[in-house]
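Colleague: Could you take me through one part of this model at close range? I would like a connected account rather than a list.

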Amino acid sequence: MEFLVVIPFSKRQSKDELLPLTASRKMGSGVEQKMENGEELASLLDVLPRVEFCCVYGSSLLTNSHDKKTMVDYILGVSDPMQWHSENLEMNKDHYASWMVHLGGSKLITEVADEIGVGVHFNPFVSWNDRMIKYGVVRMHDLVQDILNWERFYFSGRLQKPVHILVDNLDIRNVNSVNLKAAMSAALLLLPPKFTEVELYARICSLSYMGDLRMLFAEDRNKVQKIVKGQFNLFHSMYKPFLDDYAAKDLLRFSSWSDNHGIIIQDYGLSAAGSFVSSLPQTVRTRMGMKLGEKRKLAESGRTINEVVINSREEAAECMRKVVRRIVMVSSARQAIAGLLAAGGVNAVRYLARKMVKDWSSFSQDTSVTCSVIASFFFIGM
């Protein structure tokens, strides 16, 4: 049975871009939250150059978030960032830090994003329809590569959580199914033999925060719990196909299942661990192989592939954790510096203040001044 998901579109986008999705496909490749203000969110695209992909993410999607003061976060995928920024500078010069506009324009903006950051340029504190928004612009090729390979674990981490998709010309929903399966596999490696569905989604959600420098100084320390609690049903819809798939392969069993909060029991043997590792992106498996060793194996397709040597589940899990943590740490540091440059002095201070308020409200009262000083450098990873 087919359902037509009506996606709000910009006047700059074609009405032919509305996408019919099957229910199973929708659940397996990401879920857009139904929001009363969907058209309002999409209206931003009316004043921007054409995009190939657009999604809204972050705290503004929480079911209990109706605060107009909450910044709405967008990711915009475009084919050519330099050309896009050139057009946007003609339309919305005030969205950018003045020093970047005057010293190099679209070329400098793109170079800072690519050479210093992780390929994305953010414009924060943009006023639109009585809301404060922040939008990041990324090359579509870089977006897809990160989703599939976790090269930066930046966009892949965001799309492992519920997002509200507004434009999807290149079927990122379907591409993202690989990312979701990999995220579940990584989480299962890190979980004990028995766990709840809530714990599963919390572990998935925490993957992109492992090694993130902002979590040390300038982020809400209850962020993961708030995300899962506020969007549990959306997480369930996103990951249920993979739960069912692993259950069909006898890698998972469900016990005392009630209202999606029952106990999940996983196969804790080496064979199961090997199955989970094989579902991880190539970037992660290659780095694990460098640490744990590799062996050549004949795949069903007939070609020879390299397989990570797994002597124990615990060793594989710890190795995977270190690999992901390293990727996230490097990416968060690079994006922190790029974000600081892109935001400009005034916006940098404003962003720091917002982040530190979140941190202080969720941490003990003895937070040191030293942390605040260090945070002033790393806070604006966006």
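Which residue in strand 4 is the bridge partner of Cys55?

Modeller: Happy to help! The model is predicted, so local features need pLDDT of at least 70 and side-chain atom pairs count only at pLDDT 80 or more, while totals for chains, interfaces and linings use all residues. Residues are numbered from 1 along each chain as its sequence is written, and side-chain values use heavy atoms, with hydrogens and water left out.

In strand 4, the partner of Cys55 is Ile75. Helices and strands here are DSSP runs numbered from the N terminus (H or I, at least four residues, for helices; E, at least two, for strands). Strand 4 covers residues 72-78 and pairs with strand 3 in the antiparallel sense over 5 bridges; two strands count as paired if DSSP finds at least two bridges between them.

Strand 3 has another antiparallel pairing, with strand 7 (residues 164-168), over 4 bridges. There, Cys55 stands opposite Ile165.

Now for the surroundings of strand 3, residues 53-57: 5 of its 5 residues are buried, so the strand is largely enclosed by the rest of the structure. Buried means under 20% relative accessible area, with exposed over 50% and partly exposed in between, using a 1.4 Å probe and protein chains only. Both faces of strand 3 are covered. On one side sit Phe53, Cys55 and Tyr57, and on the other Cys54 and Val56, all of them buried.
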